[in-house]
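Work through these exercises with the sequence and the model side by side. Try each task before reading its solution.

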Amino acid sequence: MFRVGIDLGGTKIEGIVLRGAAEVVARQRIATPGGDYAATVAAVAALVSALEREVGVHELPVGIGHPGAISPFTGLIKNANSTCLNDRPLKADLEAALGREARMANDADCLALSESQADGAAAGAACVFAVILGTGVGGGIVIDGKLRAGPNAIAGEWGHNPLPWPRADWHEVPGPLGWDGRHGSIEDWCSGVALARDHLEVSGENLRGEEVVARAEAGNATGIATLARYEDRLARALASVINLLDPDVIVLGGGLSRVARLYQTVPQLWRAWVFSDQVATRLLPATHGDSSGVRGAAWLWPLAEPDQTRNPRT
């Protein structure tokens, strides 16, 4: 079975054709038309067509990971930090452009689905919580191999909860103002943008998040201090998830998931906040890295379903 996966991001759109469980037979990336809804819809449709031409198979099942969520009440996109998508009928418009059904899910949901497969970091885990630590902070939940969306289509949206157990000595109250008009959310403390902002406010150095991490890894004192604050905040934020969901595995994706020390430091720190004598939850990096979300989008069409291609290539 061939399936197309699309990862619709704020700066890039990645697409793959997945054959069987894990074989990627085509991959292409294009820039996202910034702030242009109609151009974004057209770009996704063009990318699907290009992938199908590359493999010589047409009318493939298409799964799409996207920012935000589709409201089950209106059918419109909500909560997307790519704000040109909000209040738009993205699914209907993409299906019209593609001429077929498209299955869609939040990008963090796609990460969770990908990493819960047999070749993922959380293979065999009964409950998986997946986190994107990038420009924003997203989350997705898979239970017994099935993606949990919820009646409001917001399952896993931990990033828009307040940062728990705020520290006055680190000026965490009321916290920064987020794009959603609220102060002090987890996203506004634990994203890559937040890491850079915190470093600037404390040290006066205007650096990108990856530059702060590089300085910390090189032994720079201000970089080390910034990363330590970040780890403490991430540990508190994830402890609140463990207290509520008690997942077997938490998988990290996004740019900050590549910071190796998080996987040792954060589980040590979250012990102070998790309501248990011991914490068995594992914190792991996404096996498939930046490509995990697009694989999860393809997995919105499970292998158990019949092949829906018109001219599948064997």
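**Exercise 1. List the contacts of Ala-112 beyond its sequence neighbours, then place the residue.**

Solution. Set aside the neighbours within four places in sequence; Ala-112 is then in contact with Ala-130, Gly-140, Ile-141 and Val-142. Contact means heavy atoms within 4.5 Å. Next, find the residue: Ala-112 belongs to helix H3. Helices (H or I, at least four residues) and strands (E, at least two) are DSSP runs, numbered from the N terminus. Now take one partner. Gly-140 is 28 residues from Ala-112 in sequence, yet their C-alpha atoms are 5.5 Å apart in space. Finally, check accessibility. Ala-112 has 0% relative accessibility, so it counts as buried. Buried means under 20% relative accessible area, exposed over 50%, partly exposed in between (1.4 Å probe, protein chains only).

Two notes on the basis. This is a predicted model: local features need pLDDT of at least 70, side-chain atom pairs count only at pLDDT 80 or more, and totals for chains, interfaces and linings use all residues. Residues are numbered from 1 along each chain as its sequence is written, and side-chain values use heavy atoms, with hydrogens and water left out.

**Exercise 2. Give the strand order of the open sheet and find its edges.**

Solution. Start with the order: five strands run S3-S2-S1-S4-S7 in an open sheet with mixed pairing. Two strands pair if DSSP finds at least two bridges between them. The edges are strand S3 (23–31) and strand S7 (102–106), each pairing on one side only. Look at one pairing in detail. Strand S4 (residues 62–66) and S7 run parallel, joined by five bridges. Here Val-62 stands opposite Ala-102 in S7.

Now add the helices. Helix H1 (residues 37–55) packs on the sheet and touches strand S1 (2–8), strand S2 (12–19), S3 and S4. The direction of H1 makes about 145° with that of S3. Helix H3 (residues 107–115) also packs on this sheet, touching S1, S4 and S7. The direction of H3 makes about 95° with that of S7. Axes are lines fitted to C-alpha atoms, for helices over the stretch in contact, and angles run from 0 to 180 degrees between N-to-C directions.

**Exercise 3. Find the aromatic pairs and classify each one.**

Solution. The whole structure holds two aromatic pairs. Rings of Phe, Tyr and Trp (its six-membered ring) pair if their centres lie within 6.5 Å; planes under 30 degrees apart count as stacked, over 60 as edge-to-face and the rest as tilted.

- Phe-129 and Trp-158: the ring centres are 5.8 Å apart and the planes stand at 85°, so this pair is edge-to-face. Phe-129 is in strand S8 (residues 127–133), and Trp-158 is in the loop between strand S10 (146–148) and helix H4 (187–190). Phe-129 is buried at 2% relative accessibility, and Trp-158 is buried at 4%.
- Trp-165 and Trp-273: this pair is stacked, with 4.8 Å centre to centre and 25° between the planes. Trp-165 lies in the loop between S10 and H4, and Trp-273 in the loop between helix H8 (262–270) and strand S12 (282–285), so the pair ties together parts 108 residues apart in sequence. Trp-165 is partly exposed at 35% relative accessibility, as is Trp-273 at 30%.

**Exercise 4. Where does the charged end of Arg-103 sit?**

Solution. The charged end of Arg-103 sits over the ring of Trp-301, 3.8 Å from its centre. A charge sits over a ring if NZ of Lys or CZ of Arg is within 6 Å of the ring centre and within 35 degrees of the ring normal.
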